[in-house]
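The exercises below ask you to reason from the sequence and the coordinates together. Work through each task before reading its solution.

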Amino acid sequence: MLFRSAQRGVTFDRAISTAPWTTPSHAGMFTGHYPSECSTDWDRPLDNRYPTLAELLAKQGYATAGFVANTFGCGYETGLDRGFAHYEDYSISVGELLIGSSLLRSLAHSDSLRRWVGNHQVITRKPAAAINHDFLAWQQQQSSRPFFAFLNYLDAHEPYLPPAPFDSKFGISAHKDKYQARHDLRISFRYGREHLSPEETQAEIDDYDGAIAYLDQQIGLLLDELERRGALNNTLVVITSDHGESFGEHQDFGHGNSLYMPLLHVPLLVFFPSQVPANQEVSDPVSLRDLPATILELAGVSGKTKAPGYSLACHWISELPPGTVKTSAILSEVNVAPIRPGRYPTGASANMRSVLQEPLHYIRNANGREELYDIVKDPAEETNLLDEEELKPMIRQFRNEGPKD
């Protein structure tokens, strides 16, 4: 599906997230600001310091709605619902009632109980088909009014449990054999994955690919239905991800715990028949932070309202105004203290920052240790170039890079 959609618009080969986990990454996509500029963190929601894209478009007469599968990272408590007149996150279900009680929550997420009943799914997970159904029901009621909709899918998030036939599309499912997942509240993280064998890790990757393939199919069905309704040709579509995933690179698993490329490099596809050229690829690195400015420009309202950053349309426009800079240093940030409680006390901050200015990727770790990689020659980021004398001026520049327009 994405290949067919890519032929309709522009694909960005080097799209970079502002954060390696859900809430601050979405905050960047909604406000155009970096994590250190926003209030979002593991235990703090997005405040009202900066307007969101939904608020800006609502003021221009747009109907706004969000349909959320990841209630942990995008539920109303995160503040990401600001500006959406209609926001579907939590549903009234047995699963939600279970997690509302600490005792029942403990039972529902018990490893032993899950192994006994053979159910390793996140209890409250909404599949992509349900998100599509809810959005399409809402969209059908909008008549001719312009709309801005946010669809958040969780199918490619651990535990990777794609439905048949996607569960065996790329290999034997890890969850069909002896490998079991430990679940924790609404999201699931595998503990002790650093001890997995290469075969077990590959089974995890196969399940992940199967989940992405299922999601790919569902997005295709969604776009087909919008086309059948006659809405697609006049709709700007942006398909992206909030972060990537690690499967043992640098001994990391999951996300939110580093700033290496597997967690920051994400897909990005933009198509809009009236304004975006078809079947074009952009190799320049771009930041998801620039999505608000891009969407406002393509929606034709950038003259009435502004967002930080610049429109990504400059990457496909052949004649640009003098002085236009198409590629600049791209920042990403994360506070790793809350997900490493054994290393940092409660309430502490351990901030990491990275700067990408291709081909160089600079990382400053929470303990001050620095890393520098040439991601073109060394995409796995294995050779630290920090001691290379000819790169010292660039390193000093990276150290001083910070959020700015």
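**Exercise 1.** Does D41 count as buried or exposed, and at what relative accessibility?

*Solution.* The model is a predicted one. The cut-off to apply is that buried means under 20% relative accessible area. D41 has 12% relative accessibility and therefore counts as buried. Its salt-bridge partner is R44, with the closest N and O atoms 3.7 Å apart. R44, by contrast, is partly exposed, with a relative accessible area of 43%.

**Exercise 2.** Find which parts of the protein the salt bridge between R8 and E227 ties together.

*Solution.* Begin with the geometry: the closest N and O atoms of R8 and E227 are 3.3 Å apart. Next, place the two residues: R8 is in the loop between α1 (2–6) and β1 (10–16), while E227 belongs to helix α9 (residues 198–228), so the pair links parts that are 219 residues apart in sequence. Finally, consider exposure: R8 counts as partly exposed at 24% relative accessibility, and E227 counts as partly exposed at 39%.

**Exercise 3.** Describe the salt bridge between E225 and R228 and identify the network to which these residues belong.

*Solution.* The side chains of E225 and R228 meet at 2.7 Å, N to O. Both residues lie in helix α9, three residues apart, which is about one turn of the helix. E225 is buried, with a relative accessible area of 18%, whereas R228 counts as exposed at 62% relative accessibility. Salt bridges with shared partners join E225, R228 and R229 into one network.

Conventions:
Residues numbered from 1 in each chain as written. Predicted model: local features only at pLDDT ≥ 70, side-chain atom pairs only at ≥ 80, totals over all residues. Heavy atoms only, no water. Salt bridge = Lys/Arg side-chain N within 4 Å of Asp/Glu carboxyl O. Helix = DSSP H or I, 4+ residues; strand = E, 2+ residues; numbered from the N terminus. Buried < 20%, exposed > 50% of the residue type's maximum accessible area, 1.4 Å probe, protein only.
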